Amino acid sequence: MRAAVLESAGQPLVVHDDVDIIEPRAGEVRVRVRYCGLCHSDYSIVSGSFPMPGPIILGHEAAGTVDCVGPGVTHLAPGDPVILTPLPPCGSCYFCLRSQHNLCVNGMSLATMALPDGETGLSRNGEKILRGVGVGALAEYVVTPASGAIKVDADVPLDVACVIGCAMQTGVGAVLNTARVEAGATVLVMGLGGIGLAAVQGARLAGASVLIASDPLPERRAAALKFGATHAIDPLTEDLPGTVMRLTGGIGMDYAFEAAGKAALIETGIALTRSGGTTLCLGAPPLEENVTIPMVTIFASTEKKLCGCLLGSCNSPRDIPRLISLWRNGQLDLEGMITHRRPLAEINEGFADLAAGRGIRTVIEI
Ligand SMILES: NC(=O)c1ccc[n+]([C@@H]2O[C@H](COP(=O)([O-])OP(=O)(O)OC[C@H]3O[C@@H](n4cnc5c(N)ncnc54)[C@H](O)[C@@H]3O)[C@@H](O)[C@H]2O)c1
Ligand SMILES: [Zn+2]
Ligand SMILES: [Zn+2]
């Protein structure tokens, strides 16, 4: 099959026509990928800020059609349109039984860059290729556990719906599932890429009364206002703490979402949330970045909370159909998240757009 392969960090990706992929095994399906959005988590491996051995096939925000199904798969058939998810829940592990499907043991595939049994199913000239960020969708085909391919209605435009796979699950899920933001709450979103703008859309949906969006890029601040932010701030030239205190009567935010991938902004979130408020860490900062938290003043006397967030705490087979319904009803804007489209041959230009913050999401046509 045709696939974009990263040999090692810092090098351009190379599109090859001779990558081998396995037939789906028991409980797996093979999907013909049609569209894949580019996410900063892929770029962090390209740039080396998340060190990962190569060769690797990246891409984890994708949609396509079922090519063939392995033994025992009865709920999917060839031709079915599907959205792929980087966290296919097994349904029976410790975490799935506690309705924390995003923490399923299958999620270890994100770290191992392989299928749950350790195989990647991908190779070229006999050399193993890693399966990047839970999917490996910058390729013609993907093999996934069947719970990783979520069937959608035939009229859902896959070239738009692909952004549900990561951006919308993570950003909207962070608001509705992880934080459970209540109507009337005050919300700050820092970082307005695909993840942060999806969080802005989620906060509007939840009924935030004050929704402050912060990013140095004017085009992304404009998008945040369009998606429902009540205020947009350039944190480099404007007074974000002063704005927060002015708009909340000196109390601070109920919720702050870090979606830029900068550890220092977690400290900003803690400082700008009120007593009892919650800072949510959506971004994945470079491994060497850390935060310093003064425990007594921050947690003990104020009961502030700090919370991780993996794929918006989504149970993908439940939440992907839910996100599509919200889009159908006009409550979520998927089209507005996509600003560039490129063929697979322009994959390096696509990552250059992401690195430079040009537009919002670039969707690669496979
Ligand atoms: N938690 C998860 O499950 C999950 C899922 C997907 C992505 N991520 C991570 O989320 C982060 C965002 O991903 P993305 O694809 O939206 O990235 P992106 O590069 O498109 O957007 C990041 C944005 O942060 C902005 N920014 C930089 N410095 C800032 C500052 N000081 N204040 C406010 N904004 C600032 C940038 O201008 C940019 O618009 C990445 O770290 C990514 O790895 C996490
Ligand atoms: Zn992602
Ligand atoms: Zn599980």
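Q: What covers the buried residues of α9?
A: The cover includes β13 (186-190), α8 (240-247), β16 (253-258), β17 (273-281), α10 (295-300) and β18 (305-308). Keep in mind that this is a predicted model.

Q: How do you know which residues of helix α9 are buried?
A: By counting neighbours: a residue is called buried if 20 or more other C-beta atoms lie within 10 Å of its own. In α9 (residues 263-272), the ones that pass are L265, I266, T268, G269, I270 and L272.

Q: What makes a set of residues a nonpolar core, and which members of the largest one touch the most others?
A: Members have to be buried, be of a listed nonpolar type, and be joined through C-beta atoms within 7 Å. The largest such set here has 113 residues, and L138, V189, A199 and F257 touch the most other members. At least three of its residues come from each of domain 1 (3-165 + 334-365) and domain 2 (171-310).

Q: How do you know what F257 touches?
A: The test is C-beta atoms within 7 Å. Leaving out residues up to four places away in sequence, F257 touches A174, L188, V189, M190, A199, L280 and L282.

Q: Why is ligand 1 said to lie between the domains?
A: Because domain 1 and domain 2 both give residues to the shell around ligand 1, it sits between them. That shell has 32 residues, and H40, G191, G193, A260 and G261 come nearest. Helices α1 (40-47) and α6 (194-206) each chip in at least two residues.

Q: What makes up the shell around ligand 1 by class?
A: It splits into 17 nonpolar, twelve polar and three charged residues. Gly counts as polar in this scheme, so G191, G193 and G261, among the nearest residues, go in that class.

Q: How do you know how many residues of domain 1 and domain 2 are in contact?
A: With the 7 Å C-beta cut-off, 14 residues of domain 1 are in contact with 13 of domain 2. On the domain 1 side, α1 gives the most, with three residues. By class, that side has six nonpolar, seven polar and one charged residues. The domain centres, taken over C-alpha atoms, are 28 Å apart.

Q: Why are β8 and β9 called paired, and how many bridges join them?
A: Pairing takes at least two bridges, and two bridges join β8 (residues 122-124) to β9, so the pair qualifies. One of the partnerships involving β9 is S123 with K128.

Q: What makes β3 and β9 edge strands?
A: Each pairs on one side only. They belong to an open antiparallel sheet in the order β3-β8-β9.

Technical notes:
Residues are numbered from 1 along each chain as its sequence is written. Chains are lettered from A and ligands numbered from 1 in the order in which they are written. This is a predicted model: local features need pLDDT of at least 70, side-chain atom pairs count only at pLDDT 80 or more; totals for chains, interfaces and linings use all residues. A residue is buried if 20 or more other C-beta atoms lie within 10 Å of its own, exposed if 12 or fewer, and partly exposed in between; C-beta atoms are placed from the backbone. Domain bounds come from an automatic or database domain assignment. Two residues are in contact if their C-beta atoms, placed from the backbone, lie within 7 Å. A residue is near a molecule or strand if its C-beta atom, placed from the backbone, lies within 6 Å of it. Helices (H or I, at least four residues) and strands (E, at least two) are DSSP runs, numbered from the N terminus.
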